[in-house]
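Q: Please take a close look at one histidine of this protein, starting from the residues around it and then placing those surroundings within the chain as a whole. Where the reasoning depends on a cut-off, please state it.

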Amino acid sequence: MNTRIALCLFHLMVLICCTSEIVPEPPNILFIMTDDHALQAISAYGHPIAQLAPTPNIDKIAKNGALFTANFCGNSICGPSRATVLTGQHSHKNEFMRNSSQGFDGSQVTLPKLLRDAGYQTAVIGKWHLVSTPKGFDHWEILIDQGEYYNPDFVKGADTMNRKGYVTEIITELTKEWLSQRDKEAPFFLMMHHKAPHRNWVPAEKYYHLFDQIEFPVPENYFDDYEGRKAAEHQKMNIYRDMYEGHDLKLSVEPGEDSLRFDPWPHVFLDRMTDEELKSFWEAYHQKNTTYFDLDPADSVGIALWKYQRYLRDYLAVVRSVDDSVGEMIDYLEENGLSENTLLVYTSDQGFYLGEHGWFDKRFMYEESFSMPLIMQLPGVIGEHLQIDLLTQNIDFAPTFLDIAGLSIPEIMQGRSFLPLLEGKQVDDWRNSLYYHYYEYPGFHSVKAHHGIRDHQHKLIYFPEDGHWELFDLHQDPMEMNNIYEHTKDEELVLNLKSEMRRLQDQYEVPSDHR
Ligand code: SGN
Ligand code: CA
């Protein structure tokens, strides 16, 4: 090679190197996570319930970007899912396996810490629920434990302060306030964590009557008999049997009355309300409760269906405020010139039952609670109307956000960046199966510990206490009513799924006493 050509090549190399160093500004990340928001209650997912109670603002994110149809959590409960989002690790690794776990070990490597080290301003506002002080955040203001719907207390540093108003609106205001006063020279990573729509589903006053006239479609397995599914039979999260009449169903007849059966804390949430708020609550619910007290007490089906409608109407009215909040944040980003360079994410800590199998709550590896809604936009990187059907999980969130920020992903993170999927690239070696492990038993709702594996068609679950296996063909039986483990003739399928589960347990280094 003659010297002139060599010199030219050298200059070209320098040019390429230098240009590649002028990386585009790392995007801001606004991560909106709600608590217990079922994807059946997001209209972009197309479920009939949400068509009657649409979420136009959350849907906008899906229109502008990507909707994940097969995104799942690794352990369907609040604290553990949040710990996984922060660490990119399954529960057994970050050691926050149950809500009742000792505080989250904040000395671990976490997403906010890595982003902060790289120059991001970091903040978390709203629900935390990790029994610890947030670490890695420049700013935090969090609810105590589950938080309250009306006039909640927040903790900020050493201070606890009571804030007046409805929790979803307060969190929105606090989020906007922080954004307005942030250092505008640096990118931000902001975790906006709503309490809503967590139990006990108290709507904002303006929405008390929002869905009074709507009859929501009842899931076809609402009266599931749990045949072939032992743990499903054992649970205590049945709408018509386990919901509290005061606390959940808001059925107390008069203020102050607490004579309702089976209700350990009929009025606790009302204690937070001001006299005026209480008056308006009672006016709305007293009037709405008359149809319940008109029912024949022997009409168990009528009562079960009434409770379903009450639950759905309250839950979806609470979701409406969440959707309003998302709309406000979209507007804020636009008005402040931030939409173009902000990854806007909407998700929930896990899925939730809206009457499927007769249930509320989560915990089980069955689809409705195993799924997590996931929708995100980042113009210029994520095309519009993208649908991602590959299997993704909450262990992938931290690796993906680091990747989007142009940072390297630590080895200890167990997930994988799905940025290439967002960019519309073909990824031939993407995973074909997911691992799940639920631990909190005994615990609220009596869901037995279990672990399992899901691929694109099948799900295999093991309940160690009973030595009980369940196998579902999700194509034939999407509602998971028919456990075919005992009578399948396809022995090879079972063997393959078991060996794939072991492979995942090895990959994720699941300790032997958890297998
Ligand atoms: C509370 C709820 C339960 C719920 C857990 C965990 N009861 O205990 O129904 O399963 O939280 O929820 S409540 O009547 O006090 O609301 S989680 O989302 O934090 O995991
Ligand atoms: Ca939750």
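A: **Around one histidine**

Once its neighbours within four places in sequence are set aside, H357 is in contact with N221, Y222, D224, Y226, R229, Y366, E368, M479, E480 and M481. This, like everything that follows, is read from a predicted model. H357 itself sits in the loop that connects β9 to α12, the latter spanning residues 367–370. With a cut-off for burial of under 20% relative accessible area, H357 counts as buried because its relative accessibility is 0%. As for its distance from another part of the chain, the C-alpha atoms of H357 and G126 are 31 Å apart, and 231 residues separate the two along the sequence.

A second histidine, H468, offers a useful companion to this picture. H468 belongs to strand β16, which covers residues 468–473, and it is buried because its relative accessible area is 13%. When residues up to four places away in sequence are left out, H468 touches G228, R229, K230, I461, Y462, F463 and N483. R229 therefore appears in the contact lists of both H357 and H468. The C-alpha atom of H468 is separated by 9.5 Å from that of Y485, a residue 17 places away along the chain.

R229 leads on to the segment between β8 (188–193) and α8 (230–234), a loop in which P197 is found. N200 lies in this loop between β8 and α8 as well. Two peptide bonds here deserve attention: the bond from A196 to P197 is cis, with omega near -5°, and the bond from R199 to N200 is also cis, with omega near 15°. By way of background, most peptide bonds are trans, and most residues other than glycine have a negative phi. A bench reader may therefore wish to look at these sites with some care, given that general tendency.

The second half of that tendency concerns phi, and two residues bear on it. N151, in the loop between β5 (139–143) and β6 (153–156), has a positive phi, near 50°, although it is not a glycine. S446, in the loop between β13 (434–438) and β14 (450–454), likewise has a positive phi near 50° without being a glycine. N151 counts as buried because its relative accessible area is 3%, and S446 also counts as buried because its relative accessibility is 15%.

Strand β9, which stands at one side of the loop that holds H357, also takes part in the packing of helix α3. The buried residues of α3, which runs from 56 to 64, are N57, I58, D59, I61 and A62. These buried residues pack against β9 (342–348), and also against β2 (66–68), α11 (300–335) and β10 (374–377).

The cysteines call for a separate remark, as the structure holds zero disulfides. C73 is in no disulfide, and the nearest cysteine sulfur, which belongs to C78, is 11 Å away. From the side of C78, the closest cysteine sulfur is that of C73, again at 11 Å, so the pair is too far apart for a bond. C73 is buried because its relative accessible area is 0%, and C78 is buried because its value is 2%.

To set these details in the frame of the whole protein, its secondary structure amounts to 15 helices and 16 strands. The radius of gyration is 24 Å, and it agrees with a compact globule because such a globule of 515 residues would have a value near 24 Å. Along the principal axes, the C-alpha atoms occupy a box of roughly 100 × 60 × 40 Å. Of the 515 residues, 59% count as buried, and the histidine examined here is one of the buried residues, at 0% relative accessibility. Among contacts with a separation of 6 or more, 67% are between residues 24 or more positions apart. The accessible surface is about 21500 Å², and carbon and sulfur atoms make up 52% of that area. Finally, there are 45 positive and 79 negative side chains, and the centres of these two sets are 3 Å apart.

Terms used. Residues are numbered from 1 along each chain as its sequence is written. Chains are lettered from A and ligands numbered from 1 in the order in which they are written. This is a predicted model: local features need pLDDT of at least 70, side-chain atom pairs count only at pLDDT 80 or more; totals for chains, interfaces and linings use all residues. Side-chain values use heavy atoms; hydrogens and water are left out. Helices (H or I, at least four residues) and strands (E, at least two) are DSSP runs, numbered from the N terminus. The radius of gyration is taken over C-alpha atoms; the globule rule is 2.2 Å times the number of residues to the power 0.38. Buried means under 20% relative accessible area, exposed over 50%, partly exposed in between (1.4 Å probe, protein chains only). Contact means heavy atoms within 4.5 Å. Accessible areas come from the Shrake-Rupley method with a 1.4 Å probe; for residues, only the protein chains shown count as cover. Lys and Arg count as positive and Asp and Glu as negative; His and the chain ends are not counted. The place of a charge is taken as NZ of Lys, CZ of Arg, CG of Asp or CD of Glu. A disulfide is a pair of cysteine sulfur atoms within 2.5 Å.
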